[in-house]
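Me: I should like to learn how to read a model of this kind, feature by feature. Please show me the structure before we begin.

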Amino acid sequence: MNDIDAWVWWLVGAAALGIPLVVTAMPEFGMFAVGAVAAAVVAALGPGVVAQVITFLVVSVALIAVVRPIANRHSRQRPRFASGIEALKGKQAVVLERVDGSGGRVKLAGEIWSARALDADRAYEAGQEVDVVDIEGATAIVI
């Protein structure tokens, strides 16, 4: 047990910290693993256990202090591009069959969609352009 150098133990610790990183997808474990690799480098250079532990703590805490706020900021941002039905909201469509509060058909993004007017008292005739305000299931809500 004493024949194994300290840097090897730090690398084993880094690998062990990588397992919960993969299983739980918590990036903090990755930051601790990087701290363990830094401590392994220090151990390979020769300083004692105290320097190794301090290196592990400083690198790990620094990564958490710097990376975590950046990751939180990015996770709160909405994607810059819309996809799926979100991309259809705000688009223009052409009425194919009269659209009113009970239904109708429009051509939206090259496809034929069922549609209904947002205002039930309003009707749109064939050929008119309308704006899509929402998608409910497979029905475009238009104004």
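Reply: Strands here are DSSP runs of at least two residues, and helices are runs of at least four, both numbered from the N terminus. This is a predicted model. With that naming, Ala 109 is found in the loop between strand S2 (103–108) and strand S3 (111–117).

Me: What is the sign of phi at Ala 109, and is the residue buried or exposed?

Reply: Phi of Ala 109 is positive, near 55°, in a residue that is not a glycine. Ala 109 counts as exposed because its relative accessibility is 61%, and the cut-off for that class is over 50%.

Me: Which other residue that is not a glycine has a positive phi, and where is it found?

Reply: Ala 25 has a positive phi of about 60° and sits in the loop between H1 and H2. Its relative accessible area is 61%, so Ala 25 is exposed. A glycine case belongs to the hairpin of S4 and S5: there Gly 137 takes a positive phi near 65°, and 2 residues lie between the strands.

Me: How does one read the pairing around that hairpin, and how many bridges join S4 and S5?

Reply: One looks at the sense of the pairing, then at the number of bridges and at individual partners. S4 pairs with strand S5 (residues 139–142) in the antiparallel sense over 4 bridges; Ile 135 has Ala 140 in S5 as its bridge partner. Strand S4 (residues 129–136) also pairs with strand S1 (residues 92–100), again antiparallel, over 3 bridges. Within that pairing, Gln 92 is bridged to Asp 131 of S4.

Me: Let us turn to the helices. Why may the length of H3 be said to agree with expectation?

Reply: Helix H3 (residues 49–76) has 28 residues, which at 1.5 Å a residue should span 40 Å; the end C-alpha atoms are 40 Å apart, so the two values agree. The helix does bend, however, by about 25° at Val 67, with the proline Pro 69 following within four residues.

Me: Which residues of H3 are buried, and what covers them?

Reply: A general point comes first: with 3.6 residues a turn, residues three or four places apart in an α-helix point the same way. In H3, the residues Gln 52, Thr 55, Phe 56 and Ser 60 are buried. The elements covering the buried residues of H3 include helix H1 (6–24) and helix H2 (27–45).

Me: How should Val 12 be classed, and how far is it from Ala 36 in space?

Reply: Val 12, in helix H1, counts as partly exposed because its relative accessibility is 45%. Its C-alpha atom is 8.8 Å from that of Ala 36, although 24 residues separate the two in sequence.

Me: How do the UniProt annotations compare with the model, and where do they place a transmembrane region?

Reply: An annotation is read beside the secondary structure of its span. The unreviewed UniProt entry places "transmembrane region" at residues 6–23 and 53–71. Residues 6–23 are 100% helix, with end C-alpha atoms 27 Å apart; residues 53–71 are also 100% helix, with ends 26 Å apart. The same unreviewed entry assigns "domain: NfeD-like C-terminal" to residues 86–142, a span that is 5% helix and 60% strand.

Me: Finally, how is the chain divided into domains, and how far apart are their centres?

Reply: Domain 1 covers 6–76 and domain 2 covers 91–142. Taken over C-alpha atoms, the centres of domain 1 and domain 2 are 56 Å apart.

Methods: Residues numbered from 1 in each chain as written. Predicted model: local features only at pLDDT ≥ 70, side-chain atom pairs only at ≥ 80, totals over all residues. Heavy atoms only, no water. UniProt positions renumbered as here; feature names shortened; annotations may be inferred. Pairing = 2+ DSSP bridges. Domains from an automatic or database assignment. Expected span 1.5 Å × (residues − 1). Bend = angle between axes of the 7 residues up to and from the residue. Buried < 20%, exposed > 50% of the residue type's maximum accessible area, 1.4 Å probe, protein only. Contact = heavy atoms within 4.5 Å.
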